[in-house]
Amino acid sequence: MSLARVHTDSAPAAVGPYAQAIKANGFVFTSGQIPLDPTTQNLVEGDVKVQTKQVLTNLSAVLEAAGSSLDKVVKTTVFLKDMNNFVAMNEVYGTFFSTHQPARSAVEVARLPKDVAVEIECVALTD
């Protein structure tokens, strides 16, 4: 089995001992993305819709760097600070996954890094 670390400057840098993603045997496993601007590493200000858009933009950049795309996502996991934000998150999520709709889990968690409203990770196929 070969493992390859994935890195792109088009998504926020890892802020600890982990990779943005790992490619393994035809799959890419992403780390959770939060709404950080990849240029400044600062949080994007705004509600859960604004944050979800940035998270999925970051996730798309990581997938592209891995030779994949949102169209090849097998499963996502959405972590929400408040499940009352599910509908708003889902509106934006649906614009990124309109024709291809991967399997998904969505859970409410006690706290997310930097107290953001949403974090998303995924598993996708690679070229």
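Strands (E, at least two residues) and helices (H or I, at least four residues) are DSSP runs, numbered from the N terminus, and two strands pair if DSSP finds at least two bridges between them. The model is predicted: local features need pLDDT of at least 70, side-chain atom pairs count only at pLDDT 80 or more, and totals for chains, interfaces and linings use all residues. Residues are numbered from 1 along each chain as its sequence is written, and side-chain values use heavy atoms, without hydrogens and water.

**Exercise 1.** Find the strand order of the open sheet and its edge strands.

Solution. The six strands of this open sheet follow the order β1-β2-β3-β6-β4-β5, and the pairing is mixed. β1 (3-6) and β5 (103-108) each pair on one side only and are the edge strands.

**Exercise 2.** Trace the pairing of β3, starting from β2.

Solution. Four bridges link β2 and β3 in the antiparallel sense. A24 has F27 in β3 as its bridge partner. The two strands form a hairpin with two residues between them, and N25 in the turn has a positive phi of about 45 degrees. β3 also runs antiparallel to β6, joined by three bridges. There F29 stands opposite V123 in β6.

**Exercise 3.** Sort the side chains of β3 by face and burial.

Solution. In a regular strand the side chains alternate between the two faces of the sheet. In β3, V28 and T30 point to one face and are buried (under 20% relative accessible area, 1.4 Å probe, protein chains only; exposed is over 50%, partly exposed in between). F27 and F29 point to the other face and are not buried.
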